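Please open the model in your viewer and keep the selection panel at hand. The tour below moves from one selection to the next.

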Amino acid sequence: METLLQGFLQYIINSLQWGSFYALIAVGYTLVYGVLLLINFAHGDIFMVGAYIAFFISSMLITYLGGMAGGWTLVALAVPLTMLLTACVGVTLERVAYRPLRRKGAHRLYVVITALMCGLILENGNLALLGASRKKFPEMVDTIVLSIGGASITNLKLLVIFAAVAVFLFLHWIVTKTKLGMAMRAVSFDKFAVPLMGIPLNTVIVFTFILGSGFAGLAGLLFAMSYPILEPYMGALIGWKAFIAAVVGGIGDIRGAFIGGFLLAFIEIGVASVLPSSFRDLFAFSILLVILWIKPTGLFGVAKTTKI
Amino acid sequence: MLLSIENLYVKYGNIEALHGISFHVNEGEIVTLIGANGAGKSTTLNSIMRLPPPEAPRVISGDIKFRGQSILNVEPHDVVAKLNLALAPEGRRIFGNLTVMENLTLATYARKNDPDTEIKRDLDRIFDLFPRLAERKTQRSESLSGGEQQMLAVGRAIMTKCDMLLLDEPSMGLAPLLMYEMFRTLKQINQEDGLTIVVVEQNAKVALSLAHRGYVLDTGEIVASGAADELANDPEVKKAYLGG
Ligand SMILES: Nc1ncnc2c1ncn2[C@@H]1O[C@H](COP(=O)(O)OP(=O)(O)OP(=O)(O)O)[C@@H](O)[C@H]1O
Ligand SMILES: [Mg+2]
């Protein structure tokens with residue numbers, strides 16, 4: 001009995017942790033889709049770039065401040081710096097790849113292909129610049145294992161879950177209380193009426209990329225702290241999974257990205273706990289397929305109108 | 001002269017919608033554009049706002065001048081934010097996924113330097129004008145009735161704090177009493193604040209009673225113009241647009 005409860009608790013904790021990773025990445029897909037109707041297939045690789053940016057920032061922080069500041073101070077510095085720089089990468093992508101196409105009125109198909117190519121460029125650019133060798137992420141804080149009802153949870157897992165909750169609340173505040181956030185929702189409803197409010201469309205789009213890429217950077221940092229091996233293709237699979245999570249939740253809807261992310265994690269880890277791990281993705285994705293089969297627009301999705 | 005349209009030709013794809021129209025609007029005036037369906041009234045207003053295609057067509061030749069300066073190269077958001085023009089567009093185009101209050105708030109986006117008290121005063125004025133909106137501040141605007149959505153579209157345009165207000169069929173869907181009341185209020189705003197108004201209306205009689213001057217558009221050309229009361233008594237105009 002005792003062990004069953006322990007196992008269940010452990011399952012919940014692990015699912016919450018992975019759900020948080022998925023959610024933090026999925027929300028970037030959803031925000032960009034809500035505003036541009038673009039599936040930003042480069043987003044998984046922005047997460048990867050975020051992890052590498054986190055690697056360089058953390059290494060630097062440890063070199064220059066390691067003696068003076070505590071581990072958590074370093075993390076507190078690494079978070080905004082990583083988010084900021086990763087946001088710059090996202091905005092650059094928007095500027096050099098998507099905006100020119102938009103200006104020429106290119107069909108959505110070409111923009112999606114461009115996004116896929118941008119992802120490949122980021123992966124291979126990384127490969128070319130840093131080589132194929134894996135990077136070991138430096139340890140900024142000691143891992144502390146806490147025990148709840150026999151299940152173990154590390155301080156890092158708690159941090160990840162806390163980050164996902166905080167990002168959700170922050171985004172909710174942004175889209176309901178700030179004018180730029182309201183403008184994001186307005187763009188998703190009727191793009192052409194937005195300039196009539198005196199709002200530059202491009203400002204809204206750049207803001208969206210800042211948010212989405214910033215959170216991907218945060219996810220990259222937290223992921224690297226939890227699983228400290230970095231390689232150029234680390235964003236591919238997790239990116240696809242987060243994208244699917246966003247679609248299952250209802251792409252364009254912020255709640256959907258979070259629910260979808262957690263749902264995917266609970267299913268995935270649930271399957272892995274009763275079946276051999278080689279069955280994990282097969283079953284997880286089959287279940288998601290059934291959900292989409294029943295509700296093609298995703299859990300929170302509406303056929304048209306409301307996005308974000 | 002606040003606005004002048006000079007020999008404006010515009011096209012949608014290969015179809016020419018305006019064949020060289022010219023007209024002007026003076027500061028403090030109410031001017032109406034009337035004409036049959038498809039005459040080019042909305043095209044004219046959308047061209048002035050510099051909306052991108054497909055909403056507005058390409059200008060082939062001619063010019064649009066505001067305060068003496070050509071605005072053909074001004075970005076649409078700057079037409080609102082910097083030149084202080086506003087349009088309540090055809091079909092309302094309110095943001096249905098936003099609440100009434102959020103729609104009105106969004107319209108103040110470019111008014112970053114205005115004190116909150118001034119924005120509050122303007123909001124109160126909209127709610128005085130349309131008490132139905134005041135009762136529905138937190139309601140998602142797509143669930144408003146058609147007439148209420150029209151009130152929101154007009155209110156939203158006013159909230160941008162414009163010097164010149166363009167209205168594309170503002171009475172659409174409004175009950176007659178409310179329509180008269182809205183036009184009375186517009187007239188009042190015009191007289192008190194000197195707000196310049198260009199109004200496109202199906203109901204030519206009401207439009208001409210509100211306006212100082214009018215232009216009659218027919219398939220992309222201006223076929224008559226003059227003081228509103230003269231137009232209202234012009235036998236040709238009467239026959240074609242005022243039902244005899
Ligand atoms: N997006 C568009 N693409 C192609 N043609 C268009 C477009 N919008 C309008 N037109 C054409 O341009 C002409 C003028 O249209 P416009 O909407 O300006 O008329 P209107 O005077 O506002 O009519 P209504 O009273 O019906 O609103 C019409 O012949 C119309 O078919
Ligand atoms: Mg029209």
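Begin by selecting helix 2 and helix 3 of chain A, which are oblique to each other because angles under 35 degrees count as roughly parallel, over 145 as roughly antiparallel, 65 to 115 as roughly perpendicular and the rest as oblique. Helix 2 covers residues 43-65 and helix 3 residues 71-103, and their axes come within 9 Å and cross at roughly 140 degrees; helices here are DSSP runs of H or I with at least four residues, numbered from the N terminus, while axes are lines fitted to C-alpha atoms over the stretch in contact, with angles from 0 to 180 degrees between N-to-C directions.

This is a predicted model, in which local features need pLDDT of at least 70 and side-chain atom pairs pLDDT 80 or more, whereas totals for chains, interfaces and linings use all residues. Residues are numbered from 1 along each chain as its sequence is written, chains are lettered from A and ligands numbered from 1 in the order in which they are written, and side-chain values use heavy atoms, without hydrogens and water.

Next, select ligand 1 and the 14 residues around it, among which Lys41(B), Ser42(B), Thr43(B), Glu90(B) and Gln202(B) come nearest (a residue is near if one of its heavy atoms lies within 4 Å). Helix 1 of chain B, residues 41-48, gives the largest share of this shell, 3 residues.

Finally, display the polar contacts, pairs of N or O atoms within 3.5 Å: an N or O atom in the side chain of Gln202(B) is 2.7 Å from an oxygen atom of ligand 1.

Methods. A polar contact is a pair of N or O atoms within 3.5 Å; within protein, one must be able to donate a hydrogen and the other to accept it, and residues adjacent in sequence count only if both atoms are side-chain atoms. Helices (H or I, at least four residues) and strands (E, at least two) are DSSP runs, numbered from the N terminus.
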